[in-house]
2 protein chains.
Amino acid sequence: MAEKAVDTKKVSPRQRLLAAADELFYNEGVHAVGIDRVIEKAGVAKGSLYYNFGGKDDLIREYLLGRHAAWTARIDGALTETQDPGERILLVFDVLETLFSDPGYRGCSFMNAVAEAPVGGPELRAAANFRSWLHELFGQLVAALDVRNTQELTDQLVILYDGAVTAAQMDNSPQAAATAKTLAAMVVAYSLSENRVA
Amino acid sequence: MAEKAVDTKKVSPRQRLLAAADELFYNEGVHAVGIDRVIEKAGVAKGSLYYNFGGKDDLIREYLLGRHAAWTARIDGALTETQDPGERILLVFDVLETLFSDPGYRGCSFMNAVAEAPVGGPELRAAANFRSWLHELFGQLVAALDVRNTQELTDQLVILYDGAVTAAQMDNSPQAAATAKTLAAMVVAYSLSENRVA
DNA sequence: GCATTCTTATACAGATCGGTCTAATCTCGT
DNA sequence: ACGAGATTAGACCGATCTGTATAAGAATGC
């Protein structure tokens with residue numbers, strides 16, 4: 001029998017459903033997990049699912065929303081450590097390293113969700129929002145740099161971020177974060193030396 | 001009604017099944033497509049599927065095998081264009097650019113398959129083989145370079161490859177290939193200047 | 001206290017899933 | 001021409017899917 005994801009006492013069915021969905025959806029994929037599995041792990045009646053959520057699509061949307069919020073909070077928290085523009089960019093890759101080191105790491109939830117998303121599915125909108133946030137994150141970090149090629153550098157950093165995330169998942173190699181960080185340091189240094197504002 | 005993927009005349013049911021599976025599995029995901037959809041698009045009886053294949057898992061394995069073979073052939077074909085070690089590395093990213101420009105591009109079939117793969121699924125073995133090939137590809141291209149940090153440079157190029165593939169899919173931006181190519185040129189030039197063999 | 005809301009357990013519906021089976025037909029090598 | 005192998009169409013199976021219905025109990029707020 002599957003063990004409960006959270007204590008039944010004093011936690012609302014809604015929260016228990018979200019916790020169970022988060023674990024199951026991330027570990028096995030949104031499509032592969034049925035709602036029966038979710039309500040069983042949450043220890044909740046099926047009726048409560050449809051009372052608190054509009055349906056599975058709604059649960060998927062909330063799952064991705066929660067992942068998005070948790071990740072932005074983790075990044076924002078780490079970014080308070082320093083104010084140096086160059087170091088703040090590299091900090092993102094340090095956070096990635098701690099993420100990859102989690103033995104339960106199974107890749108980016110949004111990339112995985114997009115991989116199995118139907119054409120009109122709720123995953124696509126959530127993923128688009130996540131990508132907007134990612135581009136904005138690097139865009140703002142780069143804007144703090146005295147550099148002329150802001151757009152180019154931002155695009156480069158996004159690719160390094162995506163490469164680290166994907167390589168870490170596909171090859172089970174957390175050190176992909178360190179490799180990407182080295183590349184990020186290189187490209188930032190290059191922009192600072194060749195494209196510094198006059 | 002769904003149109004046939006291939007002409008019924010003079011093409012064996014096995015080939016028609018593979019062609020239909022390739023299109024459906026890639027476009028909608030391995031898990032989301034049922035065998036009924038495949039046999040309908042292939043214009044083949046259900047019995048023929050189980051006569052020619054062991055089951056859906058077997059069909060999935062052959063689908064990924066075909067993707068692997070087609071991609072290696074495309075890369076190998078492009079690599080005949082030049083013998084210059086540095087240019088050959090960058091050529092890989094040129095092929096990526098043509099791949100991303102296909103309006104039907106929906107990401108790397110192996111990454112997508114892994115995203116929805118069950119723990120013991122046939123996708124994992126196929127994906128592992130693909131990743132071995134990818135590392136070997138860059139490993140051999142780097143080995144032709146007179147450089148000391150072969151392993152480091154190989155890992156860096158794999159990350160740039162993965163980043164381009166993922167960013168192109170998530171942001172629908174084929175120009176990710178050009179961005180990654182620029183980074184690859186930078187890192188190759190850096191290794192040649194700082195790590196050239198004595 | 002009492003009504004409203006929330007939660008529970010369970011049965012059920014309609015659809016689809018991968019897979020098996022049968023029996024007739026077709027293809028093709030000898 | 002004959003027989004083996006390949007293909008066909010379709011019925012059928014048990015399992016699973018998302019979602020609904022029902023009826024009774026727990027919690028909550030006024």
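**Exercise 1. Determine how chain B is related to chain A, and find which residue of chain B comes closest to the rotation axis.**

Solution. Chain B is superposed on chain A by a rotation of 180 degrees with 0.0 Å of shift along its axis, and the RMSD of this superposition is 0.0 Å. The two copies are therefore related as by a two-fold rotation axis. The structure is a predicted model, and the values below are computed from its atoms. Within chain B, the residue that comes closest to this axis is B:Gly163, whose C-alpha lies at 1.8 Å.

**Exercise 2. Describe the secondary structure, extent and burial of chain A.**

Solution. Begin with the elements: chain A has nine helices and zero strands, so that its pattern along the sequence reads α-α-α-α-α-α-α-α-α. Next take the extent, for which the C-alpha atoms, referred to the principal axes, fill a box of roughly 65 × 30 × 30 Å. Finally, of the 198 residues in chain A, 50% are buried.

**Exercise 3. Classify the ring pair of A:Phe138 and A:Tyr161, and state which helices the pair ties together.**

Solution. A pair of aromatic rings is described by the distance of the centres and the angle of the planes. Over all chains, the count of aromatic pairs comes to 12. For A:Phe138 and A:Tyr161 the ring centres are 6.1 Å apart and the planes stand at 75 degrees, and because an angle over 60 degrees counts as edge-to-face, that is the class of this pair. The next step is to place the two residues: A:Phe138 belongs to helix α7 (residues 122-143) of chain A and A:Tyr161 to helix α8 (residues 150-171) of chain A, so the pair ties together parts that are 23 residues apart in sequence. As for burial, A:Phe138 has a relative accessibility of 0% and counts as buried, and A:Tyr161, at 3%, counts as buried too. Ring pairs also bring in A:Phe93, which is linked with A:Phe138 and A:Tyr161 into a cluster.

**Exercise 4. Carry out the analysis for the rings of B:Phe25 and B:Tyr63.**

Solution. The centres of these rings lie 5.5 Å apart and their planes are at 70 degrees, so the pair is edge-to-face. B:Phe25 is found in helix α1 (residues 13-28) of chain B, and B:Tyr63 in helix α4 (residues 56-79) of chain B, so the pair ties together parts that are 38 residues apart in sequence. Both B:Phe25 and B:Tyr63 are buried.

**Exercise 5. Find which arginine residues lie over tyrosine rings, and give the distance from the ring centre.**

Solution. In chain A, A:Arg67 lies over the face of A:Tyr26, at 4.2 Å from the ring centre. In chain B, the charged end of B:Arg67 sits over the ring of B:Tyr26, 4.1 Å from its centre.

**Exercise 6. Characterise the protein surface near DNA strand C, going from residues to atoms to helices.**

Solution. DNA strand C is surrounded by 17 residues, the closest being A:Ser48, A:Tyr51, B:Ile35, B:Lys46 and B:Lys56. By class, this surface has seven nonpolar, six polar and four charged residues. Turning to the strand, 71% of its atoms within 4 Å of the protein belong to sugar or phosphate, and the rest belong to bases. Individual contacts with phosphate oxygens of DNA strand C include one to a polar side-chain atom of A:Ser48 at 2.8 Å, one to a polar side-chain atom of A:Asn52 at 3.1 Å, and one to a side-chain N or O atom of B:Lys56 at 2.5 Å. The elements that give two or more residues to this surface are α1 (13-28) and α3 (46-52) of chain A, together with α2 (35-42) and α3 (46-52) of chain B. Of these, α3(A) supplies the largest share, four residues.

**Exercise 7. Characterise the surface near DNA strand D, including a contact with a base oxygen.**

Solution. Around DNA strand D there are 17 residues, of which A:Ile35, A:Lys46, A:Lys56, B:Ser48 and B:Tyr51 come nearest. They divide into seven nonpolar, six polar and four charged. A base oxygen of DNA strand D lies 2.4 Å from a polar side-chain atom of A:Lys46. Phosphate oxygens of DNA strand D lie 3.2 Å from a polar backbone atom of B:Ala45 and 2.7 Å from a side-chain N or O atom of B:Ser48. Two or more residues each come from α2 (35-42) and α3 of chain A and from α1 and α3 of chain B, with the largest share, four residues, from α3(B).

How values were computed: Residues numbered from 1 in each chain as written. Chains lettered and ligands numbered in written order. Predicted model: local features only at pLDDT ≥ 70, side-chain atom pairs only at ≥ 80, totals over all residues. Heavy atoms only, no water. Phe/Tyr/Trp six-rings, centres within 6.5 Å; stacked < 30°, edge-to-face > 60°. Buried < 20%, exposed > 50% of the residue type's maximum accessible area, 1.4 Å probe, protein only. Lys NZ or Arg CZ within 6 Å of the ring centre and 35° of its normal. Near = heavy atom within 4 Å. Polar contact = N/O pair within 3.5 Å; in protein donor to acceptor, adjacent residues only side chain to side chain. Nonpolar A, V, L, I, M, F, W, Y, C, P; charged D, E, K, R; others polar. Least-squares fit on C-alpha atoms with pLDDT ≥ 70 in both.
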